[in-house]
Amino acid sequence: MQIEFDILTLFPEMVEGFFASSMLARGQKNGLIDIRTHQLRDWTTDKHNKTDELPYGGGAGMVMKPEPIFAAVEQLRRPQTKVLYLAPDGVPLSSRLARELVQEEHLILLSGHYEGVDQRVRDELVDLEVSIGDYVLTNGTLAAAVVVDCVSRFIPGFLGDEKSLTEESFMSTLLGFPQYTRPADFRGMRVPEVLLSGDHAAIAKWRREQQIAKTKQLRPDLLDH
Ligand code: ADE
């Protein structure tokens, strides 16, 4: 087992199908990853299984209570565990961060809901707060699934084709190049001649030019450093 993930959420059903599909399913079958989703409500002790309360100081929405989260994390964590909290005000997820996280042996991913969790959870339990982008989702469960997916890709042998990762790291500061497959002529739209030429140097040069042009147009910030 390369890495274990425990997802703590109020909506495990949102991602169970995702984890049972495609590469993540294969990674689990091959014993490279273990993914367990947990219903946070299972750690409540009151008869209404309450996980949220009104915020002290007033304001809109509800805040997730500390007790069930502390109980869950204290049960699941081990000495080497890293606890991540998914929140729009965390550090941005990137390939670089994913490559760091894949070095860990056990990640607990805590998904927030409502207006987030009680600050004492963030102060005492959480090692790293992670955002998957500058927008606000209805809860952090999808974000946790995104982290699991993009971290898993960096496990040696996970993709089956290590070349795709090597190419990706070479190109990490540029956007991708256009890909084509058969047929060479589809409704009059022809595949660029250079790709049919068999001239590998010319193809590499064309792809590089395409990458630079696209990056300049869509993500000039990537060319700044
Ligand atoms: N929860 C809500 N929005 C989020 C985001 N953008 N990233 C991570 N967790 C979130």
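Is Asp6 buried or exposed? Asp6 is buried, with a relative accessible area of 2%. Here "buried" stands for under 20% relative accessible area, "exposed" for over 50%, and "partly exposed" for what falls in between (1.4 Å probe, protein chains only).

Before going on, some ground rules. What you have is a predicted model, where local features need pLDDT of at least 70, side-chain atom pairs count only at pLDDT 80 or more, and totals for chains, interfaces and linings use all residues. Residues are numbered from 1 along each chain as its sequence is written, and side-chain values use heavy atoms, with hydrogens and water left out.

**Salt bridges**

The structure holds 15 salt bridges, each being a side-chain nitrogen of Lys or Arg within 4 Å of a carboxyl oxygen of Asp or Glu. Asp6 takes part in one of them, with Arg36 as its partner. Asp6 sits in strand E1 and Arg36 in strand E2, so this pair links distant parts of the chain, 30 residues apart. Helices (H or I, at least four residues) and strands (E, at least two) are DSSP runs, numbered from the N terminus. Unlike buried Asp6, Arg36 counts as partly exposed, at 25% relative accessibility.

Lys65 turns up in two of the pairs: one with Glu53 and one with Glu67. Glu53 lies in strand E3 (residues 52–53) and Lys65 in the loop between strand E4 (63–64) and helix H3 (66–76), so their pairing ties together parts that are 12 residues apart in sequence. Lys65 itself is buried, at 16% relative accessible area, while Glu53 is partly exposed at 35% and Glu67 is partly exposed at 49%. There is also a network, built from salt bridges that share partners, which joins Glu4, Asp6, Asp34, Arg36, Arg78 and Glu105.

| Salt bridge | Closest N and O atoms |
|---|---|
| Asp6 and Arg36 | 2.9 Å |
| Glu53 and Lys65 | 3.5 Å |
| Glu67 and Lys65 | 3.5 Å |

**Cores**

Now for the nonpolar side. A nonpolar core is a set of buried Ala, Val, Leu, Ile, Met, Phe, Trp, Tyr and Cys residues joined through side-chain atoms within 4.5 Å. The largest one has 30 residues, and Phe5 and Leu109 have the most contacts inside it. Two or more residues each come from strand E1 (3–9), helix H1 (13–19), strand E2 (33–39), strand E5 (82–92), helix H4 (95–101), strand E6 (106–111) and helix H6 (141–152). H6 gives the most, with 7 residues.

What does Phe5 touch? Leaving out residues up to four places away in sequence, Phe5 touches Ile33, Asp34, Ile35, Arg36, Leu107, Leu109, Val148, Val151 and Ser152. Contact here means heavy atoms within 4.5 Å. Apart from the largest core lies another, of 18 residues, among them Leu8, Tyr85, Ala87 and Val126.

Helix H3 has its own buried residues: Pro66, Pro68, Ile69, Ala72, Val73 and Leu76. Their cover includes E1, E2, E4, E5, E6 and helix H5 (119–124).

**Surface**

On the outside, Met14, Tyr135, Leu137 and Leu142 make a nonpolar surface patch of about 350 Å². Patches are made of residues with over 30% relative accessible area and no salt bridge, with like charges joined within 9 Å and nonpolar side chains (Val, Leu, Ile, Met, Phe, Trp, Tyr) within 5 Å. The areas come from the Shrake-Rupley method with a 1.4 Å probe, and for residues, only the protein chains shown count as cover. Tyr135 lies in the loop between strand E7 (128–131) and H6 and is partly exposed, at 43%.

Another tyrosine, Tyr56, is found in the loop between E3 and E4 and is exposed, with a relative accessible area of 85%. The C-alpha atoms of Tyr56 and Asp118 are separated by 9.9 Å, with their positions 62 residues apart along the chain.

**Backbone and domains**

A few backbone details are worth a look. The peptide bond from Arg182 to Pro183 is cis, with omega near 5°, and Pro183 is placed in the loop between helix H7 (162–170) and strand E8 (185–186). Ser22, in helix H2 (residues 22–29), has a positive phi of about 55° although it is not a glycine; Ser22 is exposed, at 61%. Asn49, in the loop between E2 and E3, also has a positive phi, near 50°, and counts as partly exposed at 32%.

Finally, the protein is divided into domain 1 (3–152) and domain 2 (169–224), with bounds from an automatic or database domain assignment. Their centres, taken over C-alpha atoms, are 37 Å apart.
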